[in-house]
Amino acid sequence: TYVGLYDRPAFANELGADFFISVHNNSNDYPTPNGTEVHYYSKVDAEGHTEEDLYGIGSKTVAAAVQKEMLTYVGAYDRKIKSSPALAVLNKTVMPAIVVEGAFMSNANDLSLIRSEDYAKKYAFACAKGIILSMNEAFGN
C-alpha cells in the first residue's frame with residue numbers, strides 16, 4: 001500500500017510511535033555520488049523539550065549508530081550522518097526519526113552492491129542493530 005509523503009509522519013504521530021525510520025536507496029542525476037548516509041533532525045517542541053527529554057533518545061544518536069552498522073555490514077562509502085530538517089518525514093514526525101539511504105542506484109558500483117543476493121538482509125540487520133544498540137545505551141539494556 002502506498003502511503004503519501006505527508007501521510008507517513010501523520011500516521012506515525014496518530015499511532016503514538018516511539019520511533020520512525022524511513023528506508024531508502026539513493027539516486028542522483030550523475031553517476032558519481034556513492035555510499036551510505038543517514039539523515040536526522042533533532043526536534044524541539046513548542047515548550048522547548050528535546051527528543052531526549054520526551055523520548056529518552058535523540059534522532060542524531062540513532063542516526064550515528066545506524067550509520068556505523070551500515071558501514072560495517074553493507075560496506076558502502078561513508079557519506080556520514082546529516083541534519084536534514086527540510087525532509088517531511090523528519091520535520092513532521094513528533095518522535096525521533098531517521099531516513100537511511102543505503103547506497104546509490106545511479107552509481108554502477110553501488111547498484112551492483114544493491115543487486116547482490118544478501119544486500120537487503122545486511123541492510124535490514126544493520127538498521128535493526130543500530131537501533132537496538134542505541135536504545136540499549138539510552139535505556140540500559
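Student: How far apart are the end C-alpha atoms of H3?
Tutor: First, this is a predicted model, where local features need pLDDT of at least 70, side-chain atom pairs count only at pLDDT 80 or more, and totals for chains, interfaces and linings use all residues. Residues are numbered from 1 along each chain as its sequence is written, and side-chain values use heavy atoms, with hydrogens and water left out. Helices (DSSP H or I runs of at least four residues) and strands (E runs of at least two) are numbered from the N terminus, and a helix's expected span is 1.5 Å times one less than its number of residues. H3 has 15 residues, so it should span 21 Å, and that agrees with the distance between its end C-alpha atoms, 21 Å.

Student: Which residues of H3 are buried?
Tutor: Buried means under 20% relative accessible area, exposed means over 50%, and partly exposed is in between, using a 1.4 Å probe and protein chains only. In H3 that picks out Ser59, Val62, Ala63, Ala65, Val66, Gln67, Glu69 and Met70.

Student: What covers those buried residues of H3?
Tutor: Here contact means heavy atoms within 4.5 Å. The cover over the buried residues of H3 includes E2, H2, strand E3 (78-83), E4 and H6.

Student: Which element gives the most to the largest nonpolar core?
Tutor: A nonpolar core is a set of buried Ala, Val, Leu, Ile, Met, Phe, Trp, Tyr and Cys residues joined through side-chain atoms within 4.5 Å. The largest one has 19 residues, and Val62, Val66, Met70, Ile98, Val100 and Tyr123 have the most contacts inside it. Two or more residues each come from strand E2 (36-40), helix H3 (59-73), strand E4 (97-104) and helix H6 (119-139). With 5 residues, the top contributor is H6.

Student: What does valine 100 touch, not counting residues up to four places away in sequence?
Tutor: Val100 is among the residues with the most contacts inside the largest core. Its partners beyond those four places are Ile21, Ser22, Val23, His24, Glu37, Val38, Val66, Met70, Tyr123 and Cys127.

Student: How do the buried residues of H6 sit around the axis?
Tutor: In H6, the buried set is Tyr119, Tyr123, Ala126, Cys127, Gly130, Ile131 and Ser134. The arc is that of the directions from the helix axis to the C-beta atoms. These residues cover an arc of only 120 degrees, which puts them on the same side of H6.

Student: Is alanine 120 buried or exposed?
Tutor: Alanine 120 sits in helix H6. Its relative accessible area is 56%, so alanine 120 is exposed.

Student: Which type of pair do the rings of tyrosine 73 and phenylalanine 125 make?
Tutor: Rings of Phe, Tyr and Trp (its six-membered ring) pair if their centres lie within 6.5 Å, and planes under 30 degrees apart are stacked, over 60 edge-to-face, and the rest tilted. That rule gives 2 aromatic pairs. This one links distant parts of the chain, with tyrosine 73 in helix H3 and phenylalanine 125 in helix H6, 52 residues apart. The centres are 4.9 Å apart and the planes at 75 degrees, so the pair is edge-to-face.

Student: At what angle are the planes of tyrosine 119 and tyrosine 123?
Tutor: Both tyrosine 119 and tyrosine 123 lie in helix H6, 4 residues apart, about one turn of the helix, and both are buried. The ring centres are 5.6 Å apart, and the pair is edge-to-face because the planes are at 85 degrees.

Student: Which backbone oxygen lies 3.0 Å from a polar atom of the side chain of lysine 43?
Tutor: Lysine 43 is in the loop between E2 and helix H2 (51-55), and it counts as buried because its relative accessible area is 9%. A polar contact is a pair of N or O atoms within 3.5 Å; within protein, one must be able to donate a hydrogen and the other to accept it, and residues adjacent in sequence count only if both atoms are side-chain atoms. The side chains of lysine 43 and glutamate 51 make one of 3.4 Å. The backbone oxygen you're after, 3.0 Å from a polar atom of that lysine's side chain, belongs to methionine 95.

Student: Which residue has a positive phi although it is not a glycine?
Tutor: Two glycines take positive phi just after helices: glycine 75 after H3, at about 80 degrees, and glycine 140 after H6, at about 70 degrees. The non-glycine case has a phi of about 75 degrees and lies in strand E3. That residue is lysine 80.
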